[in-house]
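Hello,

Here is the structure I promised to pass on to you. Have a look at it first, and then read my notes below.

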Amino acid sequence: MRYLHTMIRVTDPDATIAFFNLLGLQEVRRMENQAGRFTLIFLATEADMNGPGERAKAEVELTYNWPAEDGSAPEVYTGGRNFGHLAYYVDDIYETCQRLQDGGVTINRPPRDGNMAFVKTPDGISIELLQDGPALPPAEPWASMPNTGTW
């Protein structure tokens, strides 16, 4: 397993990037999702960078949810809602999820796609598990397993 990133939700990306720049982090890459109406901005220290546009060894992911198209008030983050999740690469997502499930952990978002799953710590912190390398072929029981709770 290898640590990837920590995600936080932000209301002002420019101000947040300026803050992290002062700490020594720089923007590594950015992804805009028109359909989902959000922007992901990944920051890293120079020591963790692998090159322009490439995933760094460890990153902070800023998630900016765009304002609603209907003009309604933007989302306000309270009660830890601005903190998203920790993310880790795993060698075999199916084996990892099975081991966790055998240990009594609920798989909140099963790896139906052979690539991504979410679980939670006993304190409710979301953990994203990502298959290191190409996605594994879909396999049961994961392919047909529904989501449980929130993730």
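How many bridges join strand E7 (residues 116–120) to E8, and in which sense do the two strands run? Five bridges join them, and the strands run antiparallel. Please keep in mind that this is a predicted model.

Two of the facing pairs between these strands are easy to find: Met116 stands opposite Leu130 in E8, and Ala117 stands opposite Leu129 in E8. The hairpin of E7 and E8 has five residues between the strands, and Gly124 there takes a positive phi near 85°.

Strand E5 (residues 83–90) also pairs with E8, here in the parallel sense and over six bridges. Leu86 is the residue opposite Ile127 in E8.

E8 itself deserves a look. Six of the six residues of this strand (residues 126–131) are buried, so the rest of the structure largely encloses it. Ser126, Glu128 and Leu130 point one way from E8, while Ile127, Leu129 and Gln131 point the other way.

Now for the whole sheet. It is open, has eight strands with mixed pairing, and follows the order E2-E3-E4-E1-E5-E8-E7-E6. E2 (25–33) and E6 (107–109) stand at the edges with a single partner strand each, so one side of each has no neighbour in the sheet. On average, neighbouring strands are turned by 30° against each other, direction ignored.

Two helices pack on this sheet. Helix H1 (residues 13–23) touches E1, E2, E3 and E4, and its direction makes about 155° with that of E2. Helix H2 (residues 93–102) touches E5, E6, E7 and E8, and its direction makes about 145° with that of E8.

Enjoy exploring!

Definitions and conventions: Residues numbered from 1 in each chain as written. Predicted model: local features only at pLDDT ≥ 70, side-chain atom pairs only at ≥ 80, totals over all residues. Heavy atoms only, no water. Buried < 20%, exposed > 50% of the residue type's maximum accessible area, 1.4 Å probe, protein only. Helix = DSSP H or I, 4+ residues; strand = E, 2+ residues; numbered from the N terminus. Pairing = 2+ DSSP bridges. Axes fitted to C-alpha atoms, helices over the stretch in contact; angles between N-to-C directions. Contact = heavy atoms within 4.5 Å.
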